[in-house]
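The following paragraphs lead the reader through a structure, from loops and helices to charged and aromatic pairs. Please keep the sequence and the coordinates in view while reading.

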Amino acid sequence: MTAGQESPGAAKDLGGLLGRIGPSFFQTAWVVADLDAAKKAMQDTLGCGEFAEFRMEQKWTLRGERVAGGLALGYARTGNMQVELMQPLTGTTIQHEFLTERGPGPHHYGYLVTNLAESVAAAADFGFTETMSGRFGTVKVSFIDTYTELGVYLELIEDPDDLYWATKPWRDSRDQVRLT
């Protein structure tokens, strides 16, 4: 199944899913072809502050298969919202697929969760499948396919040791995000 395709026979309840995870919304994310140009655009239009950047080469599970993919990432803050920019570099990920099929654009909304496995299972109960997942250290992420319904994926992030949060310049606002 490619991005945006519905799973056969599944009744979908977007309201139920968002009702469960909605309070932990903290991030908007874009796939970009040029990280430097996108950073400048976000600073000029959204008033983003300084971007924290890093590159990652990661093993992922993409639609049930193990793949490798590299991304250049930039994170900043505008107001109380984290902005993530993702430039695909190598391999295969949903970000690579997205850029190839659609070009640069909004990719996902990020939500912090306390138990990723339970949240992925709840998403499935609401009719939404996990498209891609990965782990770095104790941080676990899962991209849920809500593309047909929202025009973006949902990224669920479990960060039990605050590793993800502690490396970012907006870490002072973590207490403002209620975890599901």
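Helices (H or I, at least four residues) and strands (E, at least two) are DSSP runs, numbered from the N terminus. On that basis, Phe126 belongs to the loop between α4 (116-125) and β6 (130-136). The model is a predicted one, in which local features need pLDDT of at least 70, side-chain atom pairs count only at pLDDT 80 or more, and totals for chains, interfaces and linings use all residues. Residues are numbered from 1 along each chain as its sequence is written, and side-chain values use heavy atoms, with hydrogens and water left out.

Phe126 has a partner remote in sequence: its C-alpha atom is 6.1 Å from that of Leu17, although 109 residues separate the two along the chain. Contact here means heavy atoms within 4.5 Å. Leaving aside residues up to four places away in sequence, Phe126 touches Ala11, Lys12, Asp13, Gly16, Leu17 and Arg20.

Two backbone angles deserve attention. Most residues other than glycine have a negative phi. Arg63, which is not a glycine, nevertheless has a positive phi of about 50°. This residue sits in the loop between β2 and β3 (65-78). Accessibility is classed by relative accessible area: buried means under 20%, exposed over 50%, and partly exposed in between (1.4 Å probe, protein chains only). With a value of 31%, Arg63 is partly exposed. The other case is Gly103, which follows α3 and has a positive phi near 80°.

The charged side chains come next. Side chains of opposite charge can pair when their charged atoms come close. Seven salt bridges are present (a side-chain nitrogen of Lys or Arg within 4 Å of a carboxyl oxygen of Asp or Glu). Asp36, Lys39 and Glu53 are linked in a network of such bridges. Within this network, Asp36 and Lys39 meet at 3.4 Å, N to O. Both lie in helix α2 (residues 35-46), three residues apart, about one turn of the helix. Asp36 is exposed at 52% relative accessible area, whereas Lys39 is buried at 14%. Glu53 also bridges to Lys39, with the closest N and O atoms 2.3 Å apart. That pair links distant parts of the chain, since Glu53 is in strand β2 (residues 52-62) and Lys39 in helix α2, 14 residues apart. Glu53 itself is partly exposed, at 42%.

A further salt bridge joins Lys140 and Glu158 at 3.7 Å, N to O. Lys140 is in strand β7 (residues 139-144) and Glu158 in strand β8 (residues 153-158), so the pair ties together parts 18 residues apart in sequence. Lys140 is partly exposed at 26%, while Glu158 is buried at 10%.

The aromatic rings complete the picture. There are six aromatic pairs. Rings of Phe, Tyr and Trp (its six-membered ring) pair if their centres lie within 6.5 Å; planes under 30 degrees apart count as stacked, over 60 as edge-to-face and the rest as tilted. Phe25 and Tyr111 form a tilted pair, 5.3 Å centre to centre with 35° between the planes. Phe25 lies in strand β1 (residues 25-31) and Tyr111 in strand β5 (residues 105-113), 86 residues apart. Phe25 is partly exposed at 31%, but Tyr111 is buried at 5%. Phe98 and Tyr147 pair edge-to-face, 6.1 Å centre to centre with 75° between the planes. Because Phe98 lies in helix α3 and Tyr147 in helix α5 (residues 147-150), this pair ties together parts 49 residues apart in sequence. Both Phe98 and Tyr147 are buried.
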